[in-house]
Amino acid sequence: THGMGIDTSHFTPPDEAGKAQARAQLGLDADAVVLVYAAEFSGRKSQSTLIQAMPKLPDDTVLLLPGRGDKLEECKALAEQLGVAPRVRFPGFVQNMKVYYQAADLCVSSSRSEGLPFNIMEAMACGLPVIASDVKGHQDLVEPGVTGLLYPFGDADAFSGAVHRLGDPQRRRTMGQAARQAVLPFDIQPVFAELTGLYRQAAGLSE
């Protein structure tokens with residue numbers, strides 16, 4: 001099935017003014033290249049890989065890491081140690097992720113394993129291309145070269161290389177448009193019909 005469904009009428013790509021407004025709300029420079037990864041801070045989510053890549057990325061690159069968890073303080077310390085703390089933001093628990101997706105240029109992930117991640121689907125619905133670790137779950141959502149790029153899990157150099165490869169804004173826009181289209185089958189409406197159909201079939205009920 002297509003997971004549990006997301007609301008693609010809520011998570012939508014912003015227009016130019018909407019993106020500028022989202023950035024202003026979050027205090028982000030208009031010219032920054034903004035990466036976003038919304039996840040619990042845990043060993044499985046591996047945010048440290050993304051932080052390790054930041055010294056290899058241009059100074060206008062900003063990494064947003066919303067979330068809480070056991071590895072949060074360790075990741076903050078790593079950003080300080082690597083001298084990238086001003087470019088890595090830890091906003092904590094966030095209720096309104098839409099504004100973060102609409103302010104960003106790329107959705108990124110460093111997870112060791114995934115099911116069918118809501119954060120990736122919501123970001124794609126907002127028109128973001130994805131750079132994610134090459135693991136199941138991500139493989140089910142990201143078509144390399146079309147909706148984003150995949151890189152080997154734990155490889156900070158490969159991740160930074162992927163960000164460089166998507167340095168062209170027009171390429172990001174094209175991939176983002178493809179990502180939006182690719183995620184529409186995961187909308188809550190068709191998914192609800194798909195799941196209820198399976199339940200009815202399993203229960204031996206007629207349509």
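Reader: Let's start with Glu114: is it buried or exposed?
Author: This is a predicted model, so take every value here as computed from it. Buried means under 20% relative accessible area. Glu114 comes in at 17%, so it counts as buried.

Reader: Which side chain does Glu114 meet in a salt bridge?
Author: The closest approach in this pair is 3.9 Å, N to O, and the cut-off for a salt bridge is within 4 Å. The pair links distant parts of the chain, 70 residues apart: Glu114 sits in the loop between strand E4 (106-109) and helix H5 (118-125), and its partner in the loop between strand E1 (33-36) and helix H2 (47-53). The partner is partly exposed, at 32% relative accessibility. It's Arg44.

Reader: And Lys56, with which residue does it form a salt bridge?
Author: Lys56 is in the loop between H2 and strand E2 (61-64), while its partner is in helix H7 (residues 156-165), 101 residues apart. Lys56 counts as partly exposed at 40% relative accessibility, and the partner also counts as partly exposed, at 48%. The closest N and O atoms are 3.5 Å apart, and the partner is Asp157.

Reader: What about Lys136, is it buried or exposed?
Author: Lys136 meets Asp140 in a salt bridge, 3.5 Å from N to O. Asp140 counts as partly exposed at 43% relative accessibility. The cut-off for exposed is over 50%, and Lys136, at 57%, is exposed.

Reader: How many salt bridges does a search of the whole structure find?
Author: The pairs above are among them: Glu114 with Arg44, Lys56 with Asp157 and Lys136 with Asp140. Searching the whole structure, the total is eight.

Reader: On to the inside. Which residues have the most contacts inside the largest nonpolar core?
Author: In soluble globular proteins, nonpolar side chains tend to be buried together. Here the largest nonpolar core has 33 residues. Elements giving it two or more residues include helix H1 (16-26), helix H4 (97-103) and strand E5 (130-133). Those with the most contacts inside the core are Val36, Tyr100 and Tyr101.

Reader: Which residues does Tyr100 touch, leaving out those up to four places away in sequence?
Author: Tyr100 belongs to the trio with the most contacts inside the 33-residue core. Setting aside residues up to four places away, Tyr100 touches Leu26, Val36, Leu64, Pro66, Pro91 and Val94.

Reader: How about the sheet: which strands stand at the edges?
Author: Six strands form an open sheet with parallel pairing, in the order E3-E2-E1-E4-E5-E6. Within it, E1 and E4 pair over two bridges, and Leu35 has Leu106 in E4 as its bridge partner. An edge strand has a single partner strand, so one side is left without a neighbour in the sheet; that describes strand E3 (88-89) and strand E6 (148-151).

Reader: Take helix H8 (residues 169-183). How far apart are its end C-alpha atoms?
Author: H8 has 15 residues, and at 1.5 Å a residue they should span 21 Å. The model agrees with that: the end C-alpha atoms are 21 Å apart.

Reader: Which residues are exposed on the other side of H8, away from its buried residues?
Author: The buried residues of H8 are Arg172, Met175, Gly176, Ala179, Arg180 and Val183. They cover an arc of only 145 degrees around the axis, which puts them on the same side of H8. What covers them includes E1, E4, H5 and E6. On the other side, the exposed residues are Gln177 and Gln181.

Reader: Within what arc do the buried residues of H1 fall?
Author: An α-helix has 3.6 residues a turn, so residues three or four places apart point the same way. In H1 the buried residues are Gly18, Ala22, Arg23 and Leu26. Looking down the axis, they line one face of the helix, because they fall within an arc of 135 degrees.

Reader: Which exposed residues does the face of H1 turned away from its buried side carry?
Author: The buried side of H1 is covered by elements including E1, E3 and H4. The face turned away from that buried side carries Glu16, Ala17, Gln21 and Ala24.

Key
Residues numbered from 1 in each chain as written. Predicted model: local features only at pLDDT ≥ 70, side-chain atom pairs only at ≥ 80, totals over all residues. Heavy atoms only, no water. Helix = DSSP H or I, 4+ residues; strand = E, 2+ residues; numbered from the N terminus. Buried < 20%, exposed > 50% of the residue type's maximum accessible area, 1.4 Å probe, protein only. Core = buried A, V, L, I, M, F, W, Y, C linked by side-chain atoms within 4.5 Å. Contact = heavy atoms within 4.5 Å. Pairing = 2+ DSSP bridges. Expected span 1.5 Å × (residues − 1). Arc of directions from axis to C-beta.
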